[in-house]
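Okay, thanks for making time, everyone. Let me put the chain up on the screen, and then I'll walk you through it.

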Amino acid sequence: MEDDKEFFNCGDKVVVNKLPGAPTMYVIRKEMSQSVKPQIFLGIRCGWFDKVNNFQEAVFNTKDLTKL
């Protein structure tokens, strides 16, 4: 069986694959739930600079990201 999962590390350059013209983002960290034991994986927190150079952050599903 072939493993086609993509793993992300801090500092990786990524882009949202379903959004044409999406900015290049950097992986900041893996987001985990804080209130549930055992912890649940929520997604990948990414950061980027918008058109007016404001830093933005958001959490994305790993299926929506492509590593550059």
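So, contacts first: of those with a separation of 6 or more in the protein chain, 31% are between residues 24 or more positions apart. Keep in mind that this is a predicted model.

What's the secondary structure? We get 0 helices and 5 strands, so if you read along the sequence the pattern is β-β-β-β-β. The C-alpha atoms fill a box of roughly 40 × 35 × 20 Å along the principal axes. Of the 68 residues in the protein chain, 26% are buried. The accessible surface is about 5,400 Å², and carbon and sulfur atoms hold 53% of that.

Let's look at the strand pairing around S1. That strand covers residues 13-16, and it runs antiparallel to S2, residues 25-32, with 2 bridges joining them. On that side, lysine 13 stands opposite tyrosine 26 in S2. S1 is also joined to S5, residues 65-67, by 3 bridges, and that pair is antiparallel too. There, valine 14 has lysine 67 in S5 as its bridge partner.

Lysine 67 comes up again when we turn to charges. How many salt bridges does the structure hold? There are 5. In one of them, lysine 67 is paired with aspartate 12, and the closest N and O atoms are 3.6 Å apart. Lysine 67 sits in strand S5 and aspartate 12 in the segment before S1, so this pair ties together parts that are 55 residues apart in sequence. Buried or exposed, what about the two partners? Lysine 67 counts as partly exposed because its relative accessibility is 33%, while aspartate 12, at 16%, counts as buried.

Next pair: lysine 18 and aspartate 64 form a salt bridge, with the closest N and O atoms 3.4 Å apart. This one links distant parts of the chain, with lysine 18 in the loop between S1 and S2, aspartate 64 in the loop between strand S4 (55-60) and S5, and the two positions 46 residues apart. Lysine 18 has a relative accessible area of 63%, so we call it exposed. Aspartate 64 comes out at 24%, so that one is partly exposed.

Now for the one I'd like you to zoom in on. The side chains of glutamate 31 and arginine 45 meet in a salt bridge at 2.8 Å, N to O. Glutamate 31 is in strand S2 and arginine 45 in strand S3, 14 residues apart, and the pair links distant parts of the chain. Both glutamate 31 and arginine 45 are buried.

Let's stay with arginine 45 for a minute. It's found in strand S3, which covers residues 41-49. Why does arginine 45 count as buried? Because its relative accessible area is 18%, and the cut-off for buried is under 20%. What does the arginine 45 side chain make polar contacts with? One contact, of 2.8 Å, goes to the side chain of glutamate 31, and there's another to the side chain of glutamate 57, at 3.3 Å.

If you leave out residues up to four places away in sequence, arginine 45 touches Tyr26, Val27, Ile28, Arg29, Glu31, Glu57, Ala58 and Val59. Several of those names come back in the charge picture: Arg29, Glu31, Arg45 and Glu57 are linked in a network of salt bridges.

Last stop, the nonpolar side of things. Which residues make the nonpolar surface patch of about 250 Å²? They are Val36, Ile40 and Leu42. Valine 36 is placed in the loop between S2 and S3, and with a relative accessible area of 34% it is partly exposed. Isoleucine 40 is found in the loop between S2 and S3 as well. Its relative accessible area is 45%, so isoleucine 40 is also partly exposed. Setting aside neighbours within four places in sequence, isoleucine 40 is in contact with Glu31, Met32 and Ser33. Glu31 is worth a second look here, since its side chain is also the one that meets arginine 45 in that 2.8 Å salt bridge.

That's what I had; over to you for comments.

Conventions. Residues numbered from 1 in each chain as written. Predicted model: local features only at pLDDT ≥ 70, side-chain atom pairs only at ≥ 80, totals over all residues. Heavy atoms only, no water. Pairing = 2+ DSSP bridges. Helix = DSSP H or I, 4+ residues; strand = E, 2+ residues; numbered from the N terminus. Buried < 20%, exposed > 50% of the residue type's maximum accessible area, 1.4 Å probe, protein only. Polar contact = N/O pair within 3.5 Å; in protein donor to acceptor, adjacent residues only side chain to side chain. Contact = heavy atoms within 4.5 Å. Patch = residues over 30% accessible without salt bridge, like charges linked within 9 Å, V, L, I, M, F, W, Y side chains within 5 Å. Areas by Shrake-Rupley, 256 points an atom, 1.4 Å probe, with all protein chains shown as cover. Salt bridge = Lys/Arg side-chain N within 4 Å of Asp/Glu carboxyl O.
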